[in-house]
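Biologist: I'd like a close look at one part of this model, the loop with the odd backbone geometry. Could you start there and then work outward to whatever else helps me read the fold?

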Amino acid sequence: MTEPVDRLLRDFPEPDAEAWRTAAEKLLRGAPLEKLLTPTPEGITLEPIYRAEDLAELPHLDTRPGEAPFLRGATASGYLRRGWAVAQELPYADPAEFSVAATHDLARGQSDLPVHLGGERGLPAEADAVGRALDGVDLRTVPIHLVPDGDATEALELLFAVASGRGVEPSDLRGGVDADPVAR
């Protein structure tokens, strides 16, 4: 190791679990350490700190990207070639508001665009409204994820109509239809 790293390791030794517990209890001023536990809606309790020994019994630690059970991605390169898709939902039923938010978010890191159609929070399921909502969105590069309140086929027809009006072939589109035909 280099001298600065060696000096840091000497000056700041790694605390053991008991030293951390003592320091945490001191900061809590008599409150129980359990106050730092965080339950999640999924029924998991998050600890305030994890150490290497906490990982020892976890299954699949030796898995690799692209190998079953695919905990680290479906391809061997993991997320190196294409990062995670960022598809933040936009809560705007007005096409103009949706368009402003979409172009703003896409310019700042959002990569995919969920488009809710119909219902209380969705855009009107009309080609004109969808076209205005997607104004400024490059349909060839931005994956569109339709979330229809009604018929998935009709939602696709709306997107195809908007794409056709812009000279974009359906085969150039990316994304999907997030629909559950069994539940309808």
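Modeller: Let's start with P69, which sits in the loop between helix 3 (52-55) and helix 4 (95-106). Keep in mind that this is a predicted model. The thing to look at is the peptide bond leading from A68 into P69: the bond is cis, with omega near 10°.

Step one residue along and you reach F70, in the loop between helix 3 and helix 4. Phi of F70 is near 60°, a positive value, and F70 is not a glycine. As for its surroundings, F70 counts as partly exposed because its relative accessibility is 47%. If you want a feel for where F70 sits relative to an earlier stretch of chain, try K26: the two C-alpha atoms are 42 Å apart, with these positions 44 residues apart along the chain.

H60 belongs to this story as well, since H60 is found in the loop between helix 3 and helix 4. Here phi is near 70°, again positive in a residue other than glycine. With a relative accessibility of 41%, H60 is classed as partly exposed. So much for the backbone of that loop.

Now outward, starting with the surface. I44, L46 and Y50 make up a nonpolar surface patch, and together they offer about 290 Å² of accessible area. I44 itself is in the loop between strand 1 (38-39) and strand 2 (45-46). Its relative accessibility is 47%, so I44 counts as partly exposed.

Next, helix 6, which is worth turning on screen. This helix covers residues 152-165, and its 14 residues should span 20 Å at 1.5 Å a residue; the end C-alpha atoms are indeed 20 Å apart, so expectation and model agree. Which of its residues are buried? They are A155, L158, L159, V162 and A163. Look down the axis and these buried residues fall within an arc of 130°, so they line one face of the helix. That buried set packs against strand 3 (113-117), helix 5 (127-133) and strand 4 (144-148). Flip to the face turned away from the buried side and you find the exposed residues E154, S164 and G165.

Helix 5 gives us a way into the salt bridges, of which the structure holds five. In helix 5, D128 pairs with R132, and the closest N and O atoms are 3.1 Å apart. These two are four residues apart in helix 5, about one turn of the helix. What about their exposure? D128 is exposed, at a relative accessible area of 52%, while R132 is partly exposed at 43%.

Helix 2 (residues 17-27) has a salt bridge of its own. There the side chains of E25 and R21 meet, at 3.5 Å from N to O. Being four residues apart in helix 2, E25 and R21 are separated by about one helical turn. E25 is partly exposed, with a relative accessible area of 35%, and R21 is partly exposed too, at 33% relative accessibility.

One more of the salt bridges joins D172 and R140, with 3.9 Å from N to O. D172 lies in the loop between helix 6 and strand 5 (175-177), and R140 in the loop between helix 5 and strand 4, so this pair ties together parts that are 32 residues apart in sequence. D172 has 33% relative accessibility and therefore counts as partly exposed. R140 is likewise partly exposed, with a relative accessible area of 41%.

If you go back to your loop with all that in view, I'd put three positions on screen: the cis bond from A68 to P69, F70 with its positive phi, and H60 with its own positive phi.

Terms used. Residues are numbered from 1 along each chain as its sequence is written. This is a predicted model: local features need pLDDT of at least 70, side-chain atom pairs count only at pLDDT 80 or more; totals for chains, interfaces and linings use all residues. Side-chain values use heavy atoms; hydrogens and water are left out. Patches are made of residues with over 30% relative accessible area and no salt bridge: like charges are joined within 9 Å, nonpolar side chains (Val, Leu, Ile, Met, Phe, Trp, Tyr) within 5 Å. Accessible areas come from the Shrake-Rupley method with a 1.4 Å probe; for residues, only the protein chains shown count as cover. A salt bridge is a side-chain nitrogen of Lys or Arg within 4 Å of a carboxyl oxygen of Asp or Glu. Buried means under 20% relative accessible area, exposed over 50%, partly exposed in between (1.4 Å probe, protein chains only). The expected span of a helix is 1.5 Å times one less than its number of residues. The arc is that of the directions from the helix axis to the C-beta atoms. Contact means heavy atoms within 4.5 Å.
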